Amino acid sequence: MTTTTPVATAGAAVSADSPRTAVGRVRKRLNSPIATAASIVIAVVWTIPTFGLLVSSFRPERQIKGNGWWNAFTDPQFTLQNYQDVLFGRSSSSGQLASYFINSLVITIPSVLFPLAFCSLAAYALAWMNFKGRDWIYISIFALQIVPLQMALVPLLSFFSRGVTLGGITLLPAWGLTGSEKYIQVWFAHTCFALPLGVFLLHNFVSQLPKDLFEAARVDGASHPRIFRTIVLPLITPSLAAFGIFQFLWVWNDLLVALIFAGGTKETAPLTVRLAELAGTRGNEWQRLTSGAFVSIVVPLIVFLSLQRYFVRGLLAGSVKG
Amino acid sequence: MDFDFAAEGPKFAMLLYGLVAFVVVVGGLLLILDGIPSLLARRRERRELALAAVGGAVALGPGRRRNWEWLMAAGFLFPAGLLLLIGVVIPAIRTLLLSFMDGGSTAWVGLKNYSWLFSQSETLITLRNTLIWVVLVPLVATTVGLVYAVLVDRARFEAVAKSLIFMPMAISFVGASIIWKFVYAYRPEGAEQIGLLNQIWVWFGGEPKQWLLEQGAALNTVLLLIVMIWIQAGFAMVVLSAAIKAIPADIVEAARLDGVNAWQMFWRVTLPSIRPALIVVVVTISISTLKVFDIVRTMTNGNYDTGVVASEMYNQAFRYGQTGQGSALAVFLFILVVPIVIFQIRNLRKQRES
């Protein structure tokens, strides 16, 4: 239950650009003009919506609302005013996205760090320690991946807001988080929901480390925490990066968890919540929606493009996000 | 610039607390675990000394060691285990129970919430939409991804070409929804169109339409799920492309020598070789499609007959306060996912056996 098929091919993906194997030579001849044309058509269809949004976000309001973005080529007028307004504008209708941007950051960073640490600890224990019931625990965690997070939302929210009572006895009081303390709820929820996939992914990588390494370390008298810190962590850094990017994109782009646990105010709500709200209530203010959407896209895009290699590796490890 | 940085202070303070908590929890845990072996070793030493003093020089064998391996493992698993229990297992069980209770979770109502799910015309439309989503999205996204992966394989600009299709994966569902809402934007007839789709429609002589209100033949649902296809095709393409590259060179070479053309090559060599990867892709996309929420919520908020199970679940549980019905929808979602996952696990096992 450790690997799915694509894992074996992960190496091939990473070296995708490496040149001319026998297959390459054979395949080369299959590339006909029709194939090239078809791939260009798909690429254009896939890129144009984003491109239109990007062009529009730099056009003056009057123009965005007046005619299509493709007119920008015949009548080029560009401005940064939309970004200025949507990020820093004072009026509540303008977006005030700078605030929400900070919220997204504050939500995302701990929501990536905690799962990384907890998952790698658990993955190491499940792969390299001997104790009774190890396989059962691993299979249970693996199986939890199929529980949709929708199954956990209602009780988890009441756990935060009302505590736990059983038969009239309060076992745990309400957390009573207000204002910016609500971040804790979001961190908590994201960390919980990341664990099944994270343990599964990292276990795949940790369990593939050579056995001799651990035996040698044990013979030298190294304890488990020591082996974990000095041997395992450095060796699984690429996998940590893969899972880290995965989790980063998931949290940054998440709407559902944030809607429920962060609330909708400027104090804690992330960009996605604000944008969804703008799209609903100010659906025709395209000068704000286009620039706002781009503000939310730019960070994951940079992370993604610069670390694409690791992200692909994470994807290929066969993942089902709960 | 009107931005007030001072007002953001508490947020950064919270972030700082969060980071400190991280260091304390993780560092503390490792420290405690570090302490366990030496503590136990000292205790064992003391006991051995005591035993030696009594005269019974019986060494405590390696059997004792396993005992604290267990303790150590418990320490390593503690944070993940505890959070899974509090955050996933117990809530899931509670949701199951809540699905048999009324809206305010005060009285048991048996299967009423489930019969509601299958009897109301609105919820039936929700179920129909979910079915449309889960059939069309995996099918089209995988097909596009596969075709594109084959087409650009070993092409000159392969890396760039793949990045273009893959890029939507990095964009949030909310961002993607806004991008596509702009494509579908509507201006009354006579005015200049600002949405690409309407402009093309007008160029071909049609009247501009409010696409997202077009309920006929569930057209608006289809337009919504195009966003999901747009996002997931990149995922399909990357995984399948890696699988295609892993096809052994000699198989391809042999087929060439037999004189197969490109078409036969695709159907007889490529497709059978990447079948396992194909299944993984379809299954993964199906599962994320079943749970889709953000797109529907951002584009139509589930109005105009576009709701799906996940969006309806949110509305029932968190907007209308119908916890029971919301929970029933969540359980239903879970039930939909289970067979898909079982199918995949059985598939994996079969593969490993052969």
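## Close-up views of a predicted two-chain model

**View 1. Tyr304(B) sits in the loop that links helix 12 and helix 13 of chain B.** Keep in mind from the start that this model is predicted. Tyr304(B) counts as partly exposed because 15 other C-beta atoms lie within 10 Å, and a buried residue would need 20 or more. Leaving aside residues up to four places away in sequence, Tyr304(B) touches Leu212(B), Leu213(B), Gln215(B) and Asn220(B). One of these partners, Leu212(B), is 92 residues from Tyr304(B) in sequence, yet the two C-alpha atoms are 7.8 Å apart in space.

**View 2. Asn301(B) and Asp305(B) show a backbone feature in the loop between helix 12 and helix 13 of chain B.** Helix 12 covers residues 294–299 and helix 13 covers residues 309–319, with Asn301(B) in the loop between them. Asn301(B) is not a glycine, but its phi is positive, at about 55°. Asp305(B), also not a glycine, has a positive phi of about 60°. How exposed is Asn301(B)? Asn301(B) is partly exposed, with 16 other C-beta atoms within 10 Å. Asp305(B) is partly exposed as well, with 17 C-beta neighbours inside 10 Å.

**View 3. Chain B is divided into domain 1 and domain 2.** Domain 1 is made of two stretches, 6–54 and 63–111, while domain 2 spans 113–353. From C-alpha centre to C-alpha centre, the two domains of chain B lie 38 Å apart. Where they meet, 10 residues of domain 1 are in contact with 12 residues of domain 2. The domain 1 side of this meeting place has 5 nonpolar residues, 4 polar residues and 1 charged residue.

**View 4. Chain B is built with 14 helices and 0 strands.** If you follow the chain from its N terminus, each element in turn is an α element. The C-alpha atoms of chain B fill a box of roughly 105 × 70 × 55 Å along the principal axes. The radius of gyration of chain B is 29 Å, whereas a compact globule of 354 residues would have one near 20 Å. Of the 354 residues, 40% count as buried. Among contacts between residues at least 6 apart in the sequence of chain B, 67% join residues at least 24 apart.

**View 5. Chain A and chain B meet through 111 residues of chain A and 105 residues of chain B.** Which helix of chain A gives the most to the side that touches chain B? That is helix 7, residues 97–128, with 16 residues. Sorted by class, the side of chain A that touches chain B has 74 nonpolar, 29 polar and 8 charged residues. For the complex, the predictor gives an ipTM of 0.84 and a pTM of 0.85.

**View 6. Residues 57–66 of chain B have a pLDDT below 50.** Chain B averages a pLDDT of 84, and 94% of its residues score at least 70. Over residues 57–66, by contrast, the pLDDT is below 50, and this stretch has 6 contacts in the model beyond near neighbours in sequence. Please look at this view with some care: where pLDDT is low, the predicted coordinates should not be read in detail.

Definitions and conventions: Residues numbered from 1 in each chain as written. Chains lettered and ligands numbered in written order. Predicted model: local features only at pLDDT ≥ 70, side-chain atom pairs only at ≥ 80, totals over all residues. pLDDT = per-residue confidence, 0-100. Contact = placed C-beta atoms within 7 Å. Helix = DSSP H or I, 4+ residues; strand = E, 2+ residues; numbered from the N terminus. Nonpolar A, V, L, I, M, F, W, Y, C, P; charged D, E, K, R; others polar. Buried ≥ 20, exposed ≤ 12 C-beta atoms within 10 Å, placed from the backbone. Domains from an automatic or database assignment. Rg over C-alpha atoms; globule rule 2.2 N^0.38 Å.
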